[in-house]
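I opened this notebook to keep a record of what I looked up, entry by entry, in the structure shown below. I begin with a term that the later entries rely on.

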Amino acid sequence: MTSEEILKALYEETMVGNAPKVLELTNQGIADGMTPDSILFEALIPSLEEVGARFERGDFFVPEMLIAGRAMAGALNVLRPLLADTGAETVGTFLMGTVKGDVHDIGKNLVNIMLEGAGFQVIDLGVQVPPEKFVEAVKEHKPDIVGMSAFLTTTMPMFKVNIHELTKAGMRDDVIVMVGGAPVTQEYADAVGADGYASDASTAVRKAKELIQAKRQLAKA
Ligand code: B1M
């Protein structure tokens, strides 16, 4: 198979949730010398975008989204060490979680992989993380940044609740807060009082580095 055929097959097999085939094609692509970036950005992510669009149109339902998500997650397990293997030094600690009421984790996991690849130590709290767990974890790990993902318009308001709880616990000024997820915008991030927002995983890495650098410079001044 050519690289183009592999990408096309990956796109199609992810969409129908054929996890074994997606895994096989991912392994084949890597063995053939394809980059993990091309597999991710030219096949897997566009496929899930189409799954979302079909769900919106009523052509796909939750089970279809679920199996497509599982197929993508299987491929990510193969790509994870390759995307993260840059040998970068630790640049900071990033505490990450999907907010309460939200089970989506593929995007969050992708951000984690990119952060690890850029040299961050990532502590992942998982999904459906309640405010008190974010607060406890900030207290325990003292991260440079706490990152919160929300993928539903109904769970985005949890950012504000989490930030309020950090403020109540007297820890808001100790940690940088970053937010993200498909429905989140810069305007929304500003409105809830977050320090940073990014629309995708690579921008998240760049933004995280900028925010840490700015905070460290401020502390020196
Ligand atoms: Co759901 N779902 N889902 N879903 N799902 C969406 C998000 C949706 C947009 C589909 C649609 O209608 N088009 C829609 C949300 C609409 C809205 O509120 N705006 C939706 C819905 C409605 C639902 C349910 C309510 C469906 C139902 O039950 N009726 C339900 C909710 C369950 C819950 O959470 N309580 C539900 C359930 C599910 C599944 C469990 C079946 C499954 C999740 C599997 C999993 O994650 N383990 C699922 C899936 C797979 C999707 C879609 C199809 C794909 C999500 C995904 O993984 N995208 C999704 C449609 C879509 O997004 N196109 C959809 C790929 C991923 C790489 O992108 O998640 O955007 P993304 O992550 C990006 C950025 O957002 C950013 O970087 C990531 C990588 O580039 N980012 C950050 C993420 N976190 C960040 C943090 C940062 C910075 C950047 O800083 C801290």
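Before listing any pairs, I wrote down what I would accept as a salt bridge, namely a side-chain nitrogen of Lys or Arg within 4 Å of a carboxyl oxygen of Asp or Glu. I also noted at the outset that the model is predicted, and that side-chain atom pairs count only at pLDDT 80 or more.

**Entry: salt bridges in helix α9**

I started with K207 and E210, whose side chains meet in a salt bridge at 3.9 Å, N to O. That value is within 4 Å, so the pair qualifies under the cut-off I had written down. I then asked how many residues apart K207 and E210 are in helix α9. They are 3 residues apart, which means that about one helical turn separates them.

E210 turned up again when I followed R206, because the side chains of R206 and E210 also meet in a salt bridge, with 3.9 Å from N to O. R206 and E210 are 4 residues apart in helix α9, which covers residues 201-220, so here too the separation is about one helical turn.

For the exposure of these three residues I looked up the relative accessible areas in turn. K207 counts as partly exposed because its relative accessibility is 24%, E210 is partly exposed with a relative accessible area of 40%, and R206 is exposed with 52%. The cut-off for exposed is over 50%, and partly exposed begins where buried, under 20%, ends.

**Entry: salt bridges elsewhere**

I next searched the whole structure and found 11 salt bridges. As background, I reminded myself that side chains of opposite charge can pair when their charged atoms come close.

One of the pairs I examined was E165 with K168, whose side chains meet in a salt bridge at 3.4 Å, N to O. Both residues lie in helix α7 (residues 158-168), where they are 3 residues apart, about one turn of the helix. I asked whether K168 is buried or exposed. K168 is exposed, since its relative accessible area is 59%, while E165, at 24% relative accessibility, counts as partly exposed.

**Entry: the two domains**

I turned to the domain assignment, which gives domain 1 as residues 3-86 and domain 2 as residues 93-220. The contact between them takes 11 residues from domain 1 and 8 residues from domain 2. Taken over C-alpha atoms, the centres of domain 1 and domain 2 are separated by 26 Å.

I then asked what area is buried between domain 1 and domain 2. The value is about 870 Å², and carbon and sulfur atoms give 76% of this area. Having just listed salt bridges, I looked for them across this boundary as well, and the count between domain 1 and domain 2 is 0. The count of residue pairs in polar contact between the two domains, with both residues at pLDDT 80 or more, is likewise 0.

On the side of domain 1 that touches domain 2, the elements that give two or more residues are α3 (36-57) and α4 (62-84). Of the elements on this side, α4 gives the most, with 6 residues. By residue class, the same side divides into 8 nonpolar, 2 polar and 1 charged.

**Entry: S47 in helix α3**

Since helix α3 had come up, I looked at S47, which lies in it. S47 counts as buried because its relative accessibility is 0%. I asked what the side chain of S47 reaches, and found that it reaches the backbone nitrogen of M15 at 3.2 Å. Leaving aside its neighbours within four places in sequence, S47 is in contact with Y11, T14 and M15.

**Entry: positive phi values**

Lastly I noted two residues other than glycine with a positive phi. Phi of Q128 is near 50°, and Q128 lies in the loop between β2 (120-124) and α6 (131-141). Phi of K142 is near 45°, and K142 is found in the loop between α6 and β3 (145-149).

I compared each with the exposure cut-offs. Q128 has 40% relative accessibility and so counts as partly exposed, whereas K142, at 64% relative accessibility, counts as exposed.

Notes:
Residues are numbered from 1 along each chain as its sequence is written. This is a predicted model: local features need pLDDT of at least 70, side-chain atom pairs count only at pLDDT 80 or more; totals for chains, interfaces and linings use all residues. Side-chain values use heavy atoms; hydrogens and water are left out. Domain bounds come from an automatic or database domain assignment. Contact means heavy atoms within 4.5 Å. Buried area is the accessible area (1.4 Å probe) that two parts lose on being put together, summed over both. A polar contact is a pair of N or O atoms within 3.5 Å; within protein, one must be able to donate a hydrogen and the other to accept it, and residues adjacent in sequence count only if both atoms are side-chain atoms. Ala, Val, Leu, Ile, Met, Phe, Trp, Tyr, Cys and Pro count as nonpolar, Asp, Glu, Lys and Arg as charged, and the others, Gly among them, as polar. Buried means under 20% relative accessible area, exposed over 50%, partly exposed in between (1.4 Å probe, protein chains only).
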